[in-house]
Amino acid sequence: MNLPANNDVLLKSFPELRRTTCPYCGVGCGVDAKLDFTFNEAGKVCGELLSVTGTPEHPANYGRLCVKGSKLVESNGLDGRLLHPAVNGENVSWTDAISKVADGFSDVIAKHGSDAVAFYVSGQLLTEDYYVANKLMKGYIGSANIDTNSRLCMSSAVAGYKRAFGSDSVPCCYEDLERTQLLILVGSNLAWAHPVLYQRVERAKQLNPAMKIIVVDPRRTATCEIADLHLAIKPGSDVALFNGLLRYLEQTDNLDSSYIENHTNGFSECLDAARLWCPERVAEFCDISLSDLLSFFKACCKSDSAVTLYSMGVNQSTSGVDKSNAIINFHLATGKIGKVGAGPFSITGQPNAMGGREVGGLANMLAAHMDIENDNHRELVQSFWDSPTIASQSGLKALDLIEKIEAGEVKALWVMATNPLMSLPDRNRVAKALQKCELVVVSDCVASNDTLAFAHVALPATGWSEKNGTVTNSERRISRQRGLMCPAGESKHDWQIICEVAKKMGYSGFEYHNAHDIFNEHIELSGFANYGTRDFDISGLGHLTLSQYDNLAPVQWPITDKQVGGTKRMFTDAKFFTANGRANFIAVTPKLPKQSTDEAYPFILNTGRIRDQWHSMTRTGKAPDLLQHMEKPVLQMHPKDAEKLSIADGELVQLRGKMPGSEAIYHCQLDAKQRKGELFAPMHWNREFGSHCNVNALVEAVGDPISGQPELKHAAVAASPCKFEHYVMLCVRKPLSAEQLNDKTDFWLKQRFSSGYCYLLGVNDAPQDWWQWLTELAESSALPISIQTPALSGWLTVKDGSESVGMLVWISTSLPEVKLDWFEHVFSQSRVAETDYMSLLRFEPSDEFKQGRLVCSCFSVRENTIKSAIKEGCMSVEQLGQELHCGTNCGSCKSELSALITDTKREQIEVVSL
């Protein structure tokens with residue numbers, strides 16, 4: 001390697017602090033990354049990520065990061081990365097890989113037409129990646145068969161906005177959450193899914209105690225800790241609730257008649273549908289008390305401003321679009337929109353779901369928020385791109401795409417930055433479809449996931465810290481996600497891969513030098529023949545130089561010549577993007593979920609996020625600290641339901657869905673906050689972490705008839721105790737082969753700690769020689785020391801030449817309890833202490849490892865420690881922070897600390913009353 005003579009000077013010229021954005025959720029937090037620069041083997045300057053903090057000036061987070069964002073360094077290593085292109089599992093050159101993809105797609109198109117190929121992309125892509133993917137598919141291949149995993153999280157909200165406003169326009173900004181008099185959270189566990197926004201709301205309520213917060217959610221979640229009222233409505237009853245509210249507004253003379261008359265259409269029909277829902281009927285239908293319902297109605301009448309923030313609980317439904325419009329109807333009827341602290345606010349789940357919407361990422365959209373069914377819009381886009389064709393009709397939405405692949409009509413699929421086998425409903429059906437597909441291409445940054453197992457071609461893409469481009473958050477704010485480090489291995493940016501394939505297919509129009517070129521084209525298209533008739537317009541940015549692009553400050557669209565600094569709120573002038581400029585009321589009628597319970601499948605299964613994990617755990621699953629809060633996938637169940645099934649807390653539960661072969665196995669977690677007959681399981685775990693923990697395998701492939709968004713929040717399942725003849729607890733330093741585990745066990749679950757991995761195995765047919773079975777499984781040559789106790793038997797193995805633990809094994813006929821912090825303590829020692837050795841023999845950790853579940857991930861503070869502090873007089877979150885430091889860093893655990901204070905106080909009162 002030939003280093004320049006002035007290499008020290010060159011290295012010092014690179015900034016030690018570089019600003020980017022967080023890769024989690026739709027809040028779009030600014031991140032300050034501290035770097036150390038060195039030369040790599042190729043002589044290029046590369047950065048090493050040392051630490052991250054929140055950007056103090058970024059308007060989304062003002063320096064705050066959630067616990068996931070604060071652990072970006074720990075989750076950013078090369079462990080598990082896809083580093084080289086591969087065809088049929090064999091590494092190949094980029095030239096060969098690009099040819100394989102381009103020739104494969106070209107051959108299918110030539111034989112079967114353009115609709116025989118498809119892209120399935122992701123809200124993890126940057127806007128520039130998304131833009132060229134849509135350009136290739138819709139303007140050059142000539143099909144609209146490009147859909148995105150954003151279909152699963154916000155497509156119903158998009159359709160609701162478009163029906164009401166004529167455009168996919170989020171009217172609010174984050175500041176409105178702080179300045180409103182009434183915040184209604186519907187189907188959103190903000191405390192866990194968007195912790196930074198939750199903290200902004202929490203602080204706003206502290207500064208303004210008169211602010212009212214109402215949570216509408218079947219579950220009592222952590223978010224309810226700041227709520228003045230919690231409406232635990234029956235799942236799927238949202239439309240009835242808001243129809244009843246509209247009727248009540250009329251009955252009590254709380255409508256904004258002037259706004260309705262001058263700025264809206266269709267109110268009469270909407271009100272006719274709502275008049276059927278008197279308070280008594282609503283309370284019965286929603287299964288809540290009449291007094292709580294009326295408290296909600298009265299709060300909506302009294303407040304001069306209101307924001308309704310809604311998320312997956314509204315969207316992931318077979319009537320998600322109607323739910324969205326029921327919410328919007330309330331805001332139009334009261335004129336609480338386009339004003340400070342007012343409006344219907346759909347919060348996105350991914351860092352660039354909004355950016356994907358801008359460039360036409362959904363199968364029924366064109367770039368720059370133009371409509372694929374609009375002849376004029378198609379002509380504009382084709383003219384601007386100077387492309388040989390343009391898609392003439394909507395393409396296949398996610399569920400329809402799988403159906404067509406299974407039917408053999410779609411023969412080539414390119415998946416980018418997502419894992420549809422894990423995230424789409426009815427896993428077995430998706431697996432059958434991918435197995436049948438003639439060509440499956442996957443671009444990803446990981447070497448292994450559920451979908452990659454079906455890939456004929458695997459293409460290594462850059463990940464966060466390497467990507468360079470833009471993202472748009474939930475409040476329409478465009479921010480730069482800057483590259484911090486060199487691409488790992490042979491990985492390339494997604495836009496580069498797409499452009500190389502496009503050029504190999506013989507298309508021009510993809511000769512970009514960098515992401516900056518693409519973004520400038522994106523700017524130009526947004527203003528092309530846009531005379532204020534389209535909502536998405538960023539032409540006010542002008543043609544950016546490379547320096548201007550790199551230093552682009554966060555800004556909210558629309559950005560026009562008249563609004564060069566961006567736009568905080570939309571519709572402040574009450575002018576909408578419909579034909580007559582008025583907003584549309586939509587008459588809606590409550591519809592029951594399509595996945596209905598019955599005698600054989602009596603439980604409603606709800607799914608969702610947990611606090612410290614993200615999507616399929618590709619990144620967060622690599623940070624052991626983030627696996628401590630919820631160490632394993634659990635099924636939350638009401639104690640009365642568990643009692644009927646003879647299931648105790650911590651025992652295994654088997655769930656079965658209505659589709660043949662659909663099953664999952666979880667540890668039971670008793671939770672009196674669950675509604676009876678309803679269950680909750682986290683969405684994150686997949687086949688990389690266990691044999692039976694993919695919750696979407698239980699969900700039927702049914703979706704909203706308008707948006708196509710799957711009903712992931714309401715599956716009908718059966719539940720029963722799950723027992724195995726033998727259980728094996730196995731702790732090792734390196735991960736085991738999933739193929740071996742599937743072959744040798746009936747059930748397995750992987751958990752990670754800093755020094756190794758813990759596996760819980762279920763085995764029904766015991767081998768004759770357990771040690772030989774384990775040796776084959778773990779390929780261990782370590783010296784075994786036998787353990788025999790009345791409760792269990794097992795082995796402690798010691799590494800050759802040292803006295804550190806190489807492997808821990810326990811075999812039992814009863815389900816053992818996992819103690820990850822204890823295992824971490826033992827594995828971290830170079831020489832096992834005598835007290836720990838004796839504890840291992842008894843499988844009984846010392847008292848310091850009996851402090852309950854982890855609550856504060858930043859400072860490793862556990863539940864029992866917190867409870868003890870509360871009993872000793874720490875009666876506020878602030879006092880707990882002073883005593884134990886919990887809640888003083890990222891703040892993600894504050895809602896749980898508040899809940900522990902409430903629960904501990906209640907326990908003390910109950911003891912006194914006894």
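This report describes the internal cavities and the nonpolar cores of a predicted model.

**Cavities**

A search of the whole structure finds five cavities of 30 Å³ or more. The table sets out the largest and the second largest of them.

| Cavity | Volume | Nonpolar lining residues | Polar lining residues | Charged lining residues |
|---|---|---|---|---|
| Largest | about 60 Å³ | ten | no | no |
| Second largest | about 50 Å³ | eight | one | no |

The lining of the largest cavity consists of Tyr 120, Ala 398, Leu 401, Ile 402, Leu 413, Val 415, Pro 420, Leu 424, Val 430 and Leu 434. Three elements each give at least two residues to this lining: helix H18 (398–406), strand E14 (412–416) and helix H20 (427–436). H18 provides the largest share, three residues.

Around the second largest cavity lie Cys 22, Tyr 24, Cys 25, Val 27, Gly 28, Cys 29, Cys 66, Pro 195 and Val 196. Why does this lining count one polar residue? Gly is classed as polar, and Gly 28 is among the lining residues.

**Nonpolar cores**

The largest nonpolar core has 223 residues. Within this core, the residues with the most contacts are Phe 105, Phe 119, Phe 165, Phe 296, Trp 414, Leu 605 and Leu 655.

Phe 165 can serve as an example. Apart from neighbours within four places in sequence, Phe 165 is in contact with Pro 171, Ile 328, Leu 332, Ile 337, Pro 344, Phe 571, Phe 576, Phe 577, Thr 578 and Ala 583.

A second, separate core has 19 residues, including Tyr 757, Tyr 759, Leu 761 and Val 809.

Definitions and conventions. Residues are numbered from 1 along each chain as its sequence is written. This is a predicted model: local features need pLDDT of at least 70, side-chain atom pairs count only at pLDDT 80 or more; totals for chains, interfaces and linings use all residues. Side-chain values use heavy atoms; hydrogens and water are left out. On a 1 Å grid over the protein atoms alone, a cavity is a set of points where a 1.4 Å probe fits but cannot get out, and a pocket is an open set with protein on both sides within 12 Å along at least five of seven lines; lining residues have an atom within 4 Å of a point. Grid points are joined across faces, edges and corners, and a volume is the space filled by probe spheres set on the points. Helices (H or I, at least four residues) and strands (E, at least two) are DSSP runs, numbered from the N terminus. A nonpolar core is a set of buried Ala, Val, Leu, Ile, Met, Phe, Trp, Tyr and Cys residues joined through side-chain atoms within 4.5 Å. Buried means under 20% relative accessible area, exposed over 50%, partly exposed in between (1.4 Å probe, protein chains only). Contact means heavy atoms within 4.5 Å.
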